[in-house]
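Work through the following exercises with the sequence and the model open beside you. Try each task on your own before reading its solution.

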Amino acid sequence: MIRAIEKQDVGKAREIWNEVVDAKNAFPQIIGLKDDEEAENFFSSQTYTGVSVDDDSGEVAGLYILHPNNIGRCGHIANASYAVSSKFRNRHIGESLVRDSLKQGRLHGFRILQFNAVVADNFSAIHLYEKIGFKLIGTVKDGYFTDDCYKDINLYYINLLNY
């Protein structure tokens with residue numbers, strides 16, 4: 001089940017977020033959310049934060065944030081980030097989160113969802129986005145830096161009005 005984040009979810013959502021940050025292979029952040037207060041402020045500052053709750057355990061298994069990609073004349077374009085706990089991977093939770101973000105994007109008045117920095121060797125994410133219908137805009141050579149290594153990033157978008 002995917003629903004809006006609630007106060008009791010913040011600690012687990014922070015753990016999952018920080019797990020992805022610490023892996024250094026997907027998110028641009030260098031340091032994670034330091035405590036639950038910072039996490040609550042971060043998640044509540046988004047247009048929408050959704051969590052996937054495991055049906056069996058009731059545990060938060062993943063989350064996404066949705067927010068404007070830009071302002072003003074480009075404010076109709078959203079951006080999103082997704083994180084799934086390593087404990088719950090390979091269960092199609094990521095796909096459910098992405099599909100829910102498309103629905104929420106439309107409900108919140110966005111017309112386009114754009115990803116600015118999909119690391120080019122994040123093959124599972126790329127496969128998922130392309131399966132859903134995201135279109136590749138282009139590639140930025142050496143756009144992502146981690147551990148003394150530069151990697152290419154891909155930019156993707158999908159028109160929410162057609163989804």
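**Exercise 1: strands and their order**

Begin with β4, α3 and β5, which together make a right-handed β-α-β unit; right-handed here means that, with the strands pointing away from the viewer, the path from the first strand over the helix to the second runs clockwise. Helices (H or I, at least four residues) and strands (E, at least two) are DSSP runs, numbered from the N terminus. This is a predicted model, in which local features need pLDDT of at least 70 and side-chain atom pairs count only at pLDDT 80 or more, while totals for chains, interfaces and linings use all residues. Residues are numbered from 1 along each chain as its sequence is written, and side-chain values use heavy atoms, with hydrogens and water left out.

Task: find how β4 and β5 run relative to each other, and then place them in the sheet.

Solution. Step one: β4 and β5 run parallel and are joined by two bridges, and two strands count as paired if DSSP finds at least two bridges between them. Step two: within this pair, Ala78 has Leu113 in β5 as its bridge partner. Step three: the open sheet has seven strands in the order β1-β2-β3-β4-β5-β7-β6, with mixed pairing. Step four: β1 (2-4) and β6 (135-146) are the edge strands, each pairing on one side only.

**Exercise 2: the antiparallel pairs**

Task: state how many bridges β7 forms with β5 and with β6.

Solution. Step one: β5 and β7 pair in the antiparallel sense over six bridges, and Ile112 stands opposite Asn159 in β7. Step two: β6 and β7 also run antiparallel, joined by eight bridges, and here Phe145 has Tyr150 in β7 as its bridge partner.

**Exercise 3: the core and a loop residue**

Task: determine which helix gives the most to the largest nonpolar core, and whether Ala120 is buried or partly exposed.

Solution. Step one: a nonpolar core is a set of buried Ala, Val, Leu, Ile, Met, Phe, Trp, Tyr and Cys residues joined through side-chain atoms within 4.5 Å, and the largest one has 26 residues. Step two: α4 gives the most to this core, with five residues. Step three: leaving aside neighbours within four places in sequence, Tyr129 is in contact (heavy atoms within 4.5 Å) with Tyr82, Val98, Phe115, Val118 and Phe134. Step four: Ala120 is found in the loop between β5 and α4, and it counts as partly exposed because its relative accessibility is 26%, where buried means under 20% relative accessible area, exposed over 50%, and partly exposed in between (1.4 Å probe, protein chains only).
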